[in-house]
Amino acid sequence: MSAQQLITAELRQWIGAQLAQGCSQEQLLAAMQSSGWDASVAATALAQTLDPSLVQPMAANPAISQAVRDVAAGSAVPEPDLSGGRPVIRVGDREVRVLLSLRHPRVVVFGGLLSDEECDAMVAQSEARLARSETVAAKDSGSEVNAARTSEGMFFERGENELIRRIEARLAALINWPVDHGEGLQVLRYRPGAEYLPHYDYFDPGMSSTPAILKRGGQRVGTLVMYLNTPGAGGATIFPDIGLDVLPVKGNAVFFSYDRPQPQTLTLHGGAPVREGEKWVATKWLRQGVFV
């Protein structure tokens, strides 16, 4: 524990006040770390606030180490069953290929997740409903146009029609996550030159709009981006922290998960500029709980 970051009675009182005001443990830990607190110190302070009997040296009270682990543990996340190293996963009526699998960050690239007909149908059904894409608003619970995102998009309601229901059921089976723990599918079109600068998909605990957003299903814990066409050049999904570029190929998809809203998940990603033609993608965001 850092000598410069002492856990005082005042700190524990402050933590207690934040919890009393409705701040979640996850939000509190993330806020403390974004303010410069060491992760282990923040988790220990929270554990001591929740259980005053832990307020003594760690060596004299081994129970605190388990309490810290419990407090600092990340959320459960979606996870495809890749046991046995099989290169093909049977999901309902479709065989999906595993093209790449990283453990940290958790990234899996799938081949042939969607058929050409499904891709074309999703593009056709969404085209007339496209509008300038927005990002989460910093000061309220809505969204806003942001220069970092220069695509056009729309959302399908969950279970909106037979095509969407079939795809949602396939995704749920593939990544072992309930359909109702996902937001509606978002379709995006990137014209030549359009891009999405690197960002995180989880909701920033430090933004004033986040508490209201989390009431609809908790944090995002996973993302699945499906490619609905193959542009002539450009448009890769990039992961700058690990130097990974996933090229957009029609029917393929990239999945990644993040068990806490922190940069340590290494899930910083973006959409590189489209150099030739257009890029169409469908994105599925997964939540901790039932999304309403």
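## An edge of the larger sheet

In this predicted model, I89 of strand β1 has V96 of strand β2 as its bridge partner. That pair belongs to an antiparallel pairing in which four bridges link β1 to β2, the latter spanning residues 94-102. Both strands are part of an open sheet of nine strands, arranged in the order β1-β2-β3-β14-β10-β17-β8-β7-β4 with antiparallel pairing. Because β1 (88-91) and β4 (131-132) each have a single partner strand, they stand at the edges of this sheet, and one side of each is left without a neighbour in it.

Helix α5, residues 116-126, packs on the sheet and touches β7 (152-155), β8, β10 and β17, its direction making about 90° with that of β17. Strands of a sheet pair through backbone hydrogen bonds, in either a parallel or an antiparallel sense.

## The chain as a whole

The chain contains seven helices and 17 strands, and buried residues make up 49% of its 292 residues. Among the contacts with a separation of 6 or more, 71% are between residues that lie 24 or more positions apart.

## Strand β17 and its two partners

Strand β17 (residues 279-287) is largely enclosed by the rest of the structure, because nine of its nine residues are buried. In a regular strand, side chains alternate between the two faces of the sheet. Both faces of β17 are covered, with K279, V281, T283, W285 and R287 buried on one side and W280, A282, K284 and L286 buried on the other. The buried residues of this strand thus include lysine and arginine positions, K279, K284 and R287.

On the β8 side, five bridges join β17 to strand β8 (residues 186-190), and the two run antiparallel; here R189 has W280 as its bridge partner in β17. Strand β10 (residues 220-227) also runs antiparallel to β17 and is joined to it by seven bridges, with A282 of β17 being the bridge partner of M226.

## The four-stranded sheet

A further open sheet is formed by four strands in the order β9-β15-β12-β13, again with antiparallel pairing. Its edge strands are β9 (196-199) and β13 (244-246), each of which pairs on one side only. Neighbouring strands of this sheet are turned against each other by 15° on average, with direction ignored.

Within this sheet, strand β12 (residues 237-239) and strand β15 (residues 269-271) run antiparallel and are joined by two bridges. In that pairing, I238 has G270 of β15 as its bridge partner.

## Helices α1, α2 and α3

The axes of helix α2 (residues 25-34) and helix α3 (residues 39-50) come within 9 Å and cross at roughly 140°, which makes α2 oblique to α3. The crossing of α2 past α3 is right-handed, and the contact is made by Q25, L28, L29, M32 and Q33 of α2 together with A39, A42, A43, L46 and L50 of α3. By class, the residues of the contact between α2 and α3 are eight nonpolar, two polar and no charged. The buried residues of α2 are Q27, L28, L29, A30, M32 and Q33, and α2 is followed by G36, whose phi is positive, near 110°.

Helix α1 (residues 9-20) also packs with α3, at an angle of about 75° and with the axes 9 Å apart, which makes α1 roughly perpendicular to α3. On the α1 side the contact is made by L11, R12, I15, G16 and L19, and on the α3 side by A45, L46, Q48, T49 and L50. The contact of α1 with α3 has six nonpolar, three polar and one charged residues. L46 and L50 of α3 take part in the contact with α1 and also in the contact with α2.

## Helices α5 and α6

Helix α5, which packs on the nine-stranded sheet, also packs with helix α6 (residues 162-175), at an angle of about 130° and with the axes 11 Å apart. The two helices are therefore oblique to each other, and α5 passes α6 in a left-handed crossing.

At this contact, E118, A121, M122 and Q125 of α5 meet L163, R166, I167 and R170 of α6. By class, the contact of α5 with α6 has four nonpolar, one polar and three charged residues.

Technical notes: Residues numbered from 1 in each chain as written. Predicted model: local features only at pLDDT ≥ 70, side-chain atom pairs only at ≥ 80, totals over all residues. Heavy atoms only, no water. Pairing = 2+ DSSP bridges. Axes fitted to C-alpha atoms, helices over the stretch in contact; angles between N-to-C directions. Buried < 20%, exposed > 50% of the residue type's maximum accessible area, 1.4 Å probe, protein only. Parallel < 35°, antiparallel > 145°, perpendicular 65-115°, else oblique. Left-handed = near helix turned anticlockwise from the far one by under 90°. Contact = heavy atoms within 4.5 Å. Nonpolar A, V, L, I, M, F, W, Y, C, P; charged D, E, K, R; others polar.
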